[in-house]
Amino acid sequence: MSLPTIHAHRTHLPFSSMRPSFNYSAVGHAWGQRAQGAHQMTTTPILIAADIGNVTTKYRHQGGAWAIAPSLVRMLSSRPGYCFTTETPVQPWVYLSGPAGIEPNTPYLVGHDAQRAGVTDVALIGSAELRAQAPAYLLLHLAAIVASLPAGVTRAQVIFAGGLPVADDPHPQVRTTLHQRLTGKTEPGSPPIPHVLQWGATTYTLTIMRTSFIPQPIGALATLLFTPDGRIAANGALLRQRYVLDIGGGTTDFTGRQGLDLIPGSEGGLQLGVQHAAETARALIQRRFPRLRHLEAGQVLTLLRQGEATITVAGAPCDVRAELQTALHDTASAILAQVLPRWERTLAQGEVLLCGGGGQVMAPTISALLAPLTSVTLLSEALIRVADGIERLATYRVQGQ
């Protein structure tokens, strides 16, 4: 069985803090609470895994439970008279120095803080090939790493494992760009360059020793093939044939695998995700209710994720279930129209696995459309499945070196 290579060294990595649980109560505090107490530094590299998607970022909050934050980077308003009052004040991020190519000494809001109080979006939605050139994408990676550090640690050496859309996997320049801008290494054997950045009143120094990027649907599949501590699952899972459909916010990745071995011709990526369904539904709703000129796709996306179908128009509740279902059906059909020609020859021999935030939202629609062909399973904890698998696969590779 061939495995993606993870460049890391076993002897320098502590694994005791890696817990596989996912605590939804931690989501609301993502990137909103900093470690308190005395500042500490790590003396050995820490393995940190995170999945930075178009819509959400998944990471381990202070090295513990999985948490989810919006993949938002916005400017901190400098308008006179602008203020934001809350029990938990926003904590700006300021990049001070390092190789990331982020403008120094400029305050940004990231994640929930950007959602609460930011102005002017600077994050891009699209392929990693597009986003790798954007400073906001690098800041999302650094923010996820900082938020994953154990409580009190402000100086750390890090080995980072992340995910990439399948469409970016054939382009080595994407990995090279991210690797160089995260580690600062421009030549083989050159030393890493530290990042110095400030989160609120706390300054962090990160030295990223190595990076590894794994196709996102492989991460989801790895949760079925490896245990949380990085051992191969001894349950026959390596021999089964599976088709993974990882539907995110702005993209969909798909792959067919027997174990981790690629079924030829079964892999690819699309610029379609649940955000497209939200935008389609918004247009349908606005066509029905022309007065809703300021309805945002983000509001519709919230309805889809929460399973709600009621909006308020002129003070009265209105059911928009028909518009939401039409948008989901149209988007799911568009995705499958491009995926099934790559799968149909061998699809009956395997099962389809759904993951990702979009997969969770679109599972009933996808299942209904594929019912005549094969069974569809929505993986549990679909939102964090890719990140969890990236960590498991990275741990497996680390232990083998």
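Here are five short exercises with worked solutions on the predicted model shown above.

**Exercise 1. Get an overview**

Find how many helices and strands the chain has, and what share of its residues is buried.

*Solution.* Start with the secondary structure: the chain holds 10 helices and 19 strands. Next, turn to burial, where 55% of the 401 residues count as buried. Then look at the surface, which has an accessible area of about 17,000 Å², with 52% of that belonging to carbon and sulfur atoms. Finally, consider contacts between residues at least 6 apart in sequence: 73% of them join residues at least 24 apart.

**Exercise 2. Classify an aromatic pair**

Decide whether the rings of Trp-93 and Trp-199 are stacked, tilted or edge-to-face, and then look for a further partner of Trp-199.

*Solution.* Step one is the distance: the two ring centres are 4.5 Å apart, and the cut-off for a pair is 6.5 Å. Step two is the angle: the planes of Trp-93 and Trp-199 meet at 15°, so this pair is stacked. Step three places the residues. Trp-93 belongs to strand 6 (residues 93–97) and Trp-199 to strand 10 (residues 195–199), so the pair ties together parts that lie 106 residues apart in sequence.

Step four brings in Tyr-204, which pairs with Trp-199 at 6.4 Å centre to centre and 40° between the planes, a tilted arrangement. Trp-93, Trp-199 and Tyr-204 therefore make up one aromatic cluster, given the distance rule for pairs. To finish, check burial: Trp-93 and Trp-199 are buried, and Tyr-204 is buried as well.

**Exercise 3. Read a hairpin**

Work out which side chains of strand 16 point to the buried face, and describe how strand 16 meets strand 17.

*Solution.* Walk along strand 16 (residues 310–313) and note that its side chains alternate. Ile-311 and Val-313 point to one face and are buried, whereas Thr-310 and Thr-312 point to the other face and are not. Now add the neighbour: strand 17 (residues 316–319) runs antiparallel to strand 16, and 4 bridges join the two. Across this pairing, Thr-312 stands opposite Pro-317. The hairpin has 2 residues between the strands, and Ala-314 takes a positive phi near 55°.

**Exercise 4. Compare the settings of two unusual phi values**

For Gln-62 and Asn-105, find the loop each sits in and say whether each is buried, partly exposed or exposed.

*Solution.* Begin with the background: most residues other than glycine have a negative phi. Gln-62 has a positive phi near 50° and sits in the loop between strand 3 and strand 4 (66–70). With a relative accessible area of 29%, Gln-62 is partly exposed. Asn-105 has a positive phi of about 60° and is found in the loop between strand 6 and strand 7 (107–110). Its relative accessible area is 58%, which makes Asn-105 exposed.

**Exercise 5. Explore the interior**

Describe the surroundings of His-141, and then the lining of the largest cavity.

*Solution.* First, locate His-141 in helix 3 (residues 135–148). At a relative accessible area of 2%, His-141 is buried. Leaving out residues up to four places away in sequence, His-141 touches Ile-52, Phe-160, Leu-182 and Phe-213.

Then count cavities of 30 Å³ or more: there are 3. The largest cavity holds about 250 Å³ of space. Its lining consists of 26 residues, and those nearest its centre are Asp-51, Gly-53, Lys-58, Gly-248 and Gly-249. Among the elements that give two or more residues to this lining are strand 2 (46–52) and strand 12 (241–247). Helix 9 supplies the largest share, 3 residues.

Note on methods: Residues are numbered from 1 along each chain as its sequence is written. This is a predicted model: local features need pLDDT of at least 70, side-chain atom pairs count only at pLDDT 80 or more; totals for chains, interfaces and linings use all residues. Side-chain values use heavy atoms; hydrogens and water are left out. Rings of Phe, Tyr and Trp (its six-membered ring) pair if their centres lie within 6.5 Å; planes under 30 degrees apart count as stacked, over 60 as edge-to-face and the rest as tilted. Helices (H or I, at least four residues) and strands (E, at least two) are DSSP runs, numbered from the N terminus. Buried means under 20% relative accessible area, exposed over 50%, partly exposed in between (1.4 Å probe, protein chains only). Contact means heavy atoms within 4.5 Å. Accessible areas come from the Shrake-Rupley method with a 1.4 Å probe; for residues, only the protein chains shown count as cover. Two strands pair if DSSP finds at least two bridges between them. On a 1 Å grid over the protein atoms alone, a cavity is a set of points where a 1.4 Å probe fits but cannot get out, and a pocket is an open set with protein on both sides within 12 Å along at least five of seven lines; lining residues have an atom within 4 Å of a point. Grid points are joined across faces, edges and corners, and a volume is the space filled by probe spheres set on the points.
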